[in-house]
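Welcome! Here are some exercises for practising how to read a protein structure. Try each task yourself before you look at the solution.

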Amino acid sequence: MVQAAMTRGREARDAGGFQQHKLAPYAFISPFYVLFAFFFLAPSLIALVLSLFRWDGINDPRFVLARNYGRLLSDKVFAQAATNTAVYAIASLLIVLPLALVLAVLLNSKSLRFSNVWRAMYFTPVVTSTVAITLVFQILYNRDIGLLNAPLIYLGLEPIYWLGDRSWVKVAIIILIAWRSTGLLTIYFLAGLQSIPEELYEAASIDGASMLQKFYRITIPMLRPIILFVSIILLLSSIQIFDEIQILTNGTGGPANASMSVVQYLYERGYTRLRLGFASAVGTVLFATVFILSLLQLQWYGVFRKED
Amino acid sequence: MRRTLTVVAILFAFALLWAAALPAAAQDASEVTMTMWTHDGLYVQFFSARAEEWKERYPDINFTFEFEVVPSVFDKVLGNLAAGEEIPDLLGIEQGSFPRFMQGGIIESKFLDLTDLLADDYDLIVEGRHTPYKYQGRVYGVDSSLCAVVYYYQPSIFEERGLSVPTTWDEYIETGAALAEEGIAMSYITDHGGMFMMYLLQRGGAIFDDHGEFVLPDEPNRGIAIEVLNLLREGLDSGAIRYVPSAEVWGPAIINAYREGNLVGAIMPDWYSDYILKPQAEDMAEQFRIGRMPVWGDGDGHKTSVWGGTGFAVAKENENAQYAWELLQYTYVTLENQIKRYEEIAYYPTMSAAFHDDRIVGLSDPFYAGQKTGEVFAEIVDDVPIWYQSLFRQTFESQMAAELALFFDGAVSADEAIDNIVQYMEDEIAFAE
């Protein structure tokens, strides 16, 4: 009798323990998902719903179905902002990513003296205020008194209208993106480089591999996960670029909208013109684009490929 | 005995509560905290000084004035309204942001209609300073400055070459072309919709009518807009006018060009003097003068134009609305304080009567080598153009800025620029319906 009661008690405790055992991991990871649901999922869903309404944020919203999307797709300013943003994203991937990788390899070199000082210097732009940086760049880019044009003026050449020319303004922004982003990405690559076993390089050296061969056959493949991570970070940040352009162009995205990014377009429509429903449609399109591009990147890097 | 003691104790307790409550109630009635938000510290300075005088009207009330410069003030106020939070009793609404408050009738539902409150004082202020704060024919803001446009110039550049200060646009282009041979420009232009509006208004054109309807496509406005663009084109081609992109227009390059003597001056509103020129070109004191904006040779249009302004509005749902209006009235709608405003923060009066006062027209400005600059404004105060707000004003300005950049670049003609902006505006208006 006593034995039976003890057995029942143990079974009940085991069942409870089993339940606890099953729930515990979920409880531990729940804070992230709760925050994710509150601060990302819910706002995203609300934005999606809001994109079907006309709303100034204060008065009652009015349902307009897909009208916001219709106007968005027919607006030449949005088309221009999307093109500009694509240019920033592609330029970032083609310029900033290789630049950061090369810098990381150089900073990882054993023959480099004061490597910590160099690393700190490259990281400085990351910890400096965007506003301060951009204001300094605004002066650097000035046609008449800017430092960048000083050599041209000294040589009697026509100065570049960095912020006044529709083509050069994009170059000016890409340079700013590169200056600002390269340091952080270099640190990521540096961490990846330091985790590559030295034996691989030693073995390659014994086999007579050149520096370039070692770079392409060892460094690049071993850095594949870091390259994927960095390229996604870079793509996301360049697609969402806002502060730098807003400050550099005094909030105009000019000249002639030639520097305007999609987020700047969203801000102008949403906050300046109080078209929150329309801005939500822009945000939804931006989210969908970033999501699809990220998936494509993951696919390209083989993240979804099943291991044999 | 015990019952008596209990009753006494209860009565005593009530007496204590009453005594405690009485001063609190009296204190509540005599304590008033008034708030004001603006983007410009000069307004805080002027309102604070006037508030100290005004509060003497209420000796029984202990006023606390929390007047402050708030970054991104309009975003914050609109955010507060959306969230059901309080907004300040007084709000300085920059005219460029007024259309944001017109959306969904926010200005009407949340701010005091000042039309009847202004009563007879309405006519004392020039009409062109009421209309930027009108919504459906009612006034919701009292402006801080005349914002009339004049020509800031360095007389020595003209004198050294035996040239006189141009008074018409034809003379302006002619004189500018002569100076351009030496690499000197008369003034500059930027790709800013507000700046284009400034030139358009002077010629007598309009973008929106008093109902906020888009009238630029209609004649004579379309013709005037093309005429104005062609004038600017002529100025750019002759070198009389220099193009500066909007990203550089408020920066040090312009001041440097003044210093180097390759830019004579600027056609700008009154606020340019104390907001931009004096602080940035302190070392150039006595080198500038103020003259009238050149006029069109055929006599059509105005002697001046306008650009800018900040109208103070009163939050009508706040419990201090009455006090806020009284303070605003005292500070901005009395002749004496309009003159003080000029004396203390150099914003010109919006009452034409003030320009008969010697404290305005007789005041010598040391920065302009003792010139009585008020005299220039006295000549133009009654000819300040009237213009109207619209829900689509910001749409117009931002897209016009893009068209201007293309036009200045030579990528589109004046006709094409106007056709493009008209098409864009019609699409935007149709979308909003």
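**Exercise 1: one helix and its surroundings**

Which residues in helix H11 (residues 252-260) of chain B are buried? Keep in mind that you are working with a predicted model.

*Solution.*
Step 1. A residue is called buried if 20 or more other C-beta atoms lie within 10 Å of its own. Going through H11(B), you find that Ile254(B), Ile255(B) and Tyr258(B) are buried.
Step 2. Now look down the axis of H11(B): the buried residues fall within an arc of 95 degrees, so they line one face of the helix.
Step 3. Next, see what this face meets. The buried residues of H11(B) pack against strand E8 (187-189) and H12 of chain B.
Step 4. Finally, step past the end of the helix. Gly261(B) follows H11(B), and its phi is positive, near 75 degrees.

**Exercise 2: a sheet of three strands**

Find the open sheet formed by E10, E7 and E11 of chain B, and work out which strands stand at its edges.

*Solution.*
Step 1. Write down the order of the strands, E10-E7-E11 in chain B, with antiparallel pairing.
Step 2. Count partners. Strand E10 (265-269) and strand E11 (289-292) of chain B each have a single partner strand, so they stand at the edges and one side of each lacks a neighbour in the sheet.
Step 3. Check the angle: on average, neighbouring strands of this sheet are turned by 35 degrees against each other, direction ignored.
Step 4. Zoom in on one pair. Four bridges link strand E7 (residues 149-153) of chain B with E11(B) in the antiparallel sense. Within this pairing, Tyr151(B) has Gly291(B) in E11(B) as its bridge partner.
Step 5. Add the helices. Helix H12 (residues 271-280) of chain B packs on the sheet and touches E7 and E10 of chain B; the direction of H12(B) makes about 130 degrees with that of E10(B). Helix H16 (residues 373-380) of chain B also packs on the sheet, touching E7 and E11 of chain B. The direction of H16(B) makes about 15 degrees with that of E11(B).

**Exercise 3: an enclosed strand**

Why is strand E3 (residues 90-94) of chain B described as largely enclosed by the rest of the structure?

*Solution.*
Step 1. Look at burial: four of the five residues of E3(B) are buried, so the strand is largely enclosed.
Step 2. Look for a parallel partner. Strand E1 (residues 31-38) of chain B pairs with E3(B) in the parallel sense over two bridges, and Met36(B) has Leu90(B) in E3(B) as its bridge partner.
Step 3. Look for an antiparallel partner. Strand E12 (residues 310-314) of chain B is joined to E3(B) by five bridges. Here Gly92(B) stands opposite Phe312(B) in E12(B).

**Exercise 4: where domains meet**

Describe how domain 1 and domain 2 of chain B meet.

*Solution.*
Step 1. Set the bounds: the domain assignment gives domain 1 as 24-146 + 308-333 and domain 2 as 149-304 + 368-432 in chain B.
Step 2. Locate the centres. The C-alpha centres of these two domains lie 31 Å apart.
Step 3. Count the residues in contact: 14 come from domain 1 of chain B and 16 from domain 2 of chain B.
Step 4. On the domain 1 side, helix H4 (residues 98-102) of chain B gives the largest share, three residues.
Step 5. Sort that side by class, and you get six nonpolar, six polar and two charged residues.

Technical notes
Residues numbered from 1 in each chain as written. Chains lettered and ligands numbered in written order. Predicted model: local features only at pLDDT ≥ 70, side-chain atom pairs only at ≥ 80, totals over all residues. Pairing = 2+ DSSP bridges. Axes fitted to C-alpha atoms, helices over the stretch in contact; angles between N-to-C directions. Contact = placed C-beta atoms within 7 Å. Buried ≥ 20, exposed ≤ 12 C-beta atoms within 10 Å, placed from the backbone. Arc of directions from axis to C-beta. Domains from an automatic or database assignment. Nonpolar A, V, L, I, M, F, W, Y, C, P; charged D, E, K, R; others polar.
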